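Work through the exercises below with the sequence and the three-dimensional view side by side. Try each task before you read its solution.

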Amino acid sequence: MYASGKYSSRGPALIPRMKTKHRIYYIALFSVVLLGLIATGMFQFWPHSIESSAEWTLEKGSVHDAPLIRLPASSPIPERGDLSCRMHTCFDVYRCGYNPKNKIKVYIYPLQRFVDEFGVPISSTGLSREYNDLLSAISDSDFYTDDVTRACLFIPSIDVLNQNSLRIRETAQALAMLPRWDKGMNHLLFNMLPGGPPDYNTALDVPRDRALLAGGGFSTWTYRQGYDVSIPVYSPLSADVMLPERQPGPRRYFILSSQTAIHREYRAELERLKEENGEALLLLDKCSNLSQGAASARKRCYKGQVYDYPQILQESSFCVVLRGARLGQAALSDVLQAGCVPVILADSYILPFSEVLDWKRASVVIPEEKLSEMYTILKSIPHRQVEEMQRQAHWFWEAYFSSMKAIGLTTLQIVNDRIYPYAARTYEQWNNPPVVKWSSVNSPLFLPLIPPRAPGFTAVVLTYDRVESLFRVITEISKVPSLAKLLVVWNNQNKSPPEESLWPKVGVPLKVVRTKENKLSNRFFPYDEIETEAVLAIDDDIIMLTSDELQFGYEYFNYLYTYKMPGDIKNWVDAHMNCEDIAMNFLVANITGKAPIKVTPRKKFKCPECTAIDGLSLDQTHMVERSECINKFASVFGTMPLKVVEHRADPVLYKDDFPEKLKSFPNIGSL
């Protein structure tokens, strides 16, 4: 109580009481300061525009708020465009420099309204919704910078997506007036509808100096390989219509044509195919009994029957995409979204993002002159391959075509990969969906990086009764440092394996498995005794390989061979007692898309113990059958997955003239 009383008695002496009018004044002053701080904080954290110094945003601001720039008639015009431009001649990579993230920095010019000296705009449409979406997506990405001095790539806010809306000369003058233009160096333009009547050029007609062009209708004559980027023609229908998910498989129609502006010669040929193949082919056209507008654009007709578009595309296995006045067609995007395999007939057309996308996996490209053979060509594709193409087509749309954001960021990633090739995305990253599956089995090339069940590899040796040759193979393999286990597959049901005391003494576990039937496929069975992820499958007569040459890794494909080999390949191998090694190579090449790293020439193949009686490979019909089985397997796979290779991975230290004990692989020779 004393302390409280003392504080109370001294309080007035320390803090004089403020007069009422002064108190009101300070309260008002404090309120103004507080409101100022709050307002400052709001402006500080409010979404910025593309150009940080502007007071508008692409989403919220009006284009009419952009400054007006008048172009004098005497304004300079850029050069037409240098067809010889490549990244090393027309692009300053040093501007990009090194950064830890290996990301180019992209600067977008502030939005401006360009008019000629009479006040007429250079574009009849101004900033389109599509270009607005594109710039907004880039400004929200990791590529964007608002610091012009840090920029590697410059994107004008001048919309040139549709050449039909542009005044060519004035648009070129506006580009030349950009402060960092420098003859178009390190500038990127986006155009989807190039050319105009009557010739419809396949590249933007606006003179653009050395600027890169992301174009939607390139031909082989106008596309600058490794410099320009071929992009798709965006389809608003793809964005506005949500199609239900449709699993790959047989569809109601085999071939469907839905384009309305097809040249009369092409339509006549399609009608002839329709007459020959009946209900398998559906030939649609625009509906003459509907009024023009957005509603009619989403309808297609055949003999008075109306179909919803693009929904009808999901009812066909293949969808025709023919060239129109322009090579690039928005129909390609609609077809991909529907999971329909596009059949592209547009000679010299550079497919979208073909620099990184493998279109053979998602489409069929047929020369225009072979339109009459289209049905026969498509019928030769196996059902299994069609399903894989349907799945890949839809994923291409989802990843790279579905929005202006997807198109814009894919374009920038391609340019980024050119500038930082050591950090570029791989073929698999561009072309394989996030979850890569092959016949419901995860490919080991894309499994998560986890410790293996056991280190090293297991050698699986298939044998019948060539004991001496078998023991030589076992002795040689046992010298390989990475060997973890030896598994001998005894394929002779009429004879028992040698006694345990007769087998070579090796430093790893050796297990003999007796099979129930004499089948070559037994060498690829996923035995429970195999505890390693790496497996070496080898015959009992392969004695020419040295231990050093065997010190290589092998992929684990036994499960796929045994349970998921397509068609009747495995049965064919067992029936003919031939070609199991070729079948495995088909399987591995089909999944990996890669060639073998080592092929031993036939002149080194020697088997002293083999005779014409017990040696399969010495039978005169053996090699003839091996040629036949290649044709057979290619037919089942629907393609030839084997790759031509002129490379062999061999250490070359065996050539050096210094002591053998200093060599890592002294026992590897030349071909």
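**Exercise 1. A sheet and the helices across it**

Which strands does helix α11 lie across, and at about what angle does α11 run to β13?

Solution. Before starting, note that this is a predicted model, in which local features need pLDDT of at least 70 and side-chain atom pairs count only at pLDDT 80 or more, while totals for chains, interfaces and linings use all residues. Residues are numbered from 1 along each chain as its sequence is written, and side-chain values use heavy atoms, with hydrogens and water left out.

Step 1: find the elements, where helices (H or I, at least four residues) and strands (E, at least two) are DSSP runs numbered from the N terminus. Step 2: locate helix α11 at residues 383-401, which lies across β12, β13 and β14 and runs at about 85 degrees to β13. Such an angle is taken between N-to-C directions and runs from 0 to 180 degrees, the axes being lines fitted to C-alpha atoms, for helices over the stretch in contact; contact means heavy atoms within 4.5 Å.

Step 3: place these strands in their sheet, which is open, has 5 strands in the order β9-β8-β12-β13-β14, and shows parallel pairing. Its edge strands are β9 and β14 (364-365), each of which pairs on one side only. Two strands pair if DSSP finds at least two bridges between them, and 2 bridges join strand β13 (residues 341-345) to β14. In that pairing, valine 343 has valine 364 of β14 as its bridge partner.

**Exercise 2. The two sides of helix α7**

Describe helix α7 by its span, its buried side and its exposed side.

Solution. Step 1: the expected span of a helix is 1.5 Å times one less than its number of residues. For the 14 residues of α7 (residues 264-277) this should give 20 Å, and the end C-alpha atoms are 20 Å apart, which agrees.

Step 2: buried means under 20% relative accessible area, exposed over 50%, and partly exposed in between (1.4 Å probe, protein chains only). The buried residues of α7 are Tyr266, Arg267, Leu270, Leu273 and Lys274. Seen down the helix axis, they fall within an arc of 115 degrees, so they line one face of α7; the arc is that of the directions from the helix axis to the C-beta atoms.

Step 3: the face turned away from this buried side carries the exposed residues Arg264, Glu265, Glu275 and Glu276. The buried residues of α7 are covered by parts that include β8 (253-257), β9 (281-283), β10 (299-302), β12 (316-322) and α10 (374-379). Helix α7 also lies across β8, β9 and β12, at about 145 degrees to β9. Just after α7, glycine 278 takes a positive phi of about 60 degrees.

**Exercise 3. Salt bridges between distant parts**

Which parts of the chain does the salt bridge between aspartate 205 and arginine 80 tie together?

Solution. Step 1: a salt bridge is a side-chain nitrogen of Lys or Arg within 4 Å of a carboxyl oxygen of Asp or Glu, and the whole structure holds 16 of them. Step 2: the side chains of aspartate 205 and arginine 80 meet at 3.1 Å, N to O. Aspartate 205 lies in the loop between β5 and β6 (212-215) and arginine 80 in the loop between β1 (68-71) and α3 (87-90), so the pair ties together parts that are 125 residues apart in sequence.

Step 3: compare accessibility, where aspartate 205 is buried at 15% and arginine 80 is partly exposed at 47%. Step 4: repeat this for glutamate 368 and arginine 323, whose closest N and O atoms are 3.5 Å apart. Here glutamate 368 is buried, with a relative accessible area of 14%, whereas arginine 323 is partly exposed, with 27%.

**Exercise 4. The strand β6 and its partners**

Which residues of β6 are buried on each of its faces?

Solution. Step 1: Leu212 and Ala214 are buried on one side, and Leu213 and Gly215 on the other, so that both faces of β6 are covered. Step 2: β5 is joined to β6 by 4 bridges, the two running parallel, and leucine 189 stands opposite leucine 213. Step 3: β6 also pairs in the parallel sense with strand β7 (residues 229-230) over 2 bridges, where alanine 214 stands opposite valine 229.
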